[in-house]
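Me: I have a protein model open and I would like to learn how to read it. Could you walk me through it, one feature at a time?

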Amino acid sequence: MDDTITVVSVDEVKDNLGIDYADETVERNINRAIKTADAYLKGSIGEDYPTGDPRAKELALIIISDLYDNRGLQSTISGNTRRLVDDLSLQLRLELRRGSNG
């Protein structure tokens, strides 16, 4: 990947997905999913979302797992996962707004 700071590392993603061995294709798919999750979180929470917050990390891992597991498929994530993502995103957005107004 490049020098950009991300919410999760490739190794964290591989651990979360249970990947012991990664070839170039797997690495590219993981890097693409990390970039997509980062862009999603920036759009959902804000450009300066807290990358060190464990909720942001978990959100990224949820998004990345869904993207990786369903790449090429026309499926959607479950309703429970969608609610979890929405709730965690809302919490972080509200905290960022409070911090910028306080």
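**Reading the model step by step**

Reply: Let us start with a single residue: leaving out residues up to four places away in sequence, Ser-44 touches Ser-89 and Arg-93. Contact here means heavy atoms within 4.5 Å. This is a predicted model, where local features need pLDDT of at least 70 and side-chain atom pairs count only at pLDDT 80 or more, while totals for chains, interfaces and linings use all residues. Residues are numbered from 1 along each chain as its sequence is written, and side-chain values use heavy atoms, with hydrogens and water left out.

Me: How far apart are Ser-44 and Ser-89 in sequence and in space?

Reply: They are 45 residues apart in sequence, and their C-alpha atoms are 6.5 Å apart in space. Over the chain, 69% of the contacts with a separation of 6 or more are between residues 24 or more positions apart.

Me: Is Ser-44 buried or exposed?

Reply: We compare its relative accessible area with cut-offs: buried is under 20%, exposed is over 50%, and partly exposed lies in between (1.4 Å probe, protein chains only). Ser-44 has 16% relative accessibility, so it counts as buried. In the chain of 102 residues, buried residues make up 35%.

Me: How many helices and strands does the chain have?

Reply: Helices (H or I, at least four residues) and strands (E, at least two) are DSSP runs, numbered from the N terminus. This chain has four helices and zero strands, giving the order α-α-α-α from the N terminus on. Our residue Ser-44 belongs to helix 2, which covers residues 24-44.

Me: At what angle do helix 1 and helix 2 cross?

Reply: To get an angle, axes are fitted as lines to C-alpha atoms, for helices over the stretch in contact, and the angle between N-to-C directions runs from 0 to 180 degrees. For helix 1 and helix 2 the crossing is roughly 105°, and the axes come within 10 Å. Helix 1 is therefore roughly perpendicular to helix 2. As for the words, angles under 35 degrees count as roughly parallel, over 145 as roughly antiparallel, 65 to 115 as roughly perpendicular, and the rest as oblique.

Me: Which residues meet there?

Reply: From helix 1 come Val-10, Val-13 and Lys-14, and they meet Glu-27, Ile-30, Asn-31 and Ile-34 of helix 2. Sorted by class, this contact has four nonpolar, one polar and two charged residues. The classes are simple: Ala, Val, Leu, Ile, Met, Phe, Trp, Tyr, Cys and Pro count as nonpolar, Asp, Glu, Lys and Arg as charged, and the others, Gly among them, as polar.

Me: What is the angle between helix 1 and helix 3?

Reply: Helix 1 (residues 10-17) and helix 3 (residues 54-69) pack at about 65°, with axes 10 Å apart. On the helix 1 side, Glu-12, Val-13, Asn-16 and Leu-17 meet residues of helix 3 including Leu-61, Ile-64 and Tyr-68. This contact has five nonpolar, two polar and three charged residues.

Me: How many salt bridges are there?

Reply: Side chains of opposite charge can pair when their charged atoms come close. The rule for a salt bridge is a side-chain nitrogen of Lys or Arg within 4 Å of a carboxyl oxygen of Asp or Glu, and the count comes to seven. In helix 2, Lys-42 pairs with Asp-38, with their closest N and O atoms 3.2 Å apart. These two residues are four residues apart, about one turn of the helix. Lys-42 is partly exposed at 28% relative accessibility, whereas Asp-38 is buried at 11%. Arg-28 and Glu-24 also form a salt bridge, at 3.9 Å from N to O. Asp-11, Lys-14 and Glu-27 are linked in a network of salt bridges.

Me: Where is Tyr-49, and which residues does it touch?

Reply: Tyr-49 sits in the loop between helix 2 and helix 3. Its relative accessible area is 6%, so Tyr-49 is buried. Leaving out residues up to four places away in sequence, Tyr-49 touches Val-7, Asp-38, Leu-41, Lys-42, Ala-56 and Leu-96. Two of these names, Lys-42 and Asp-38, you met as a salt bridge.
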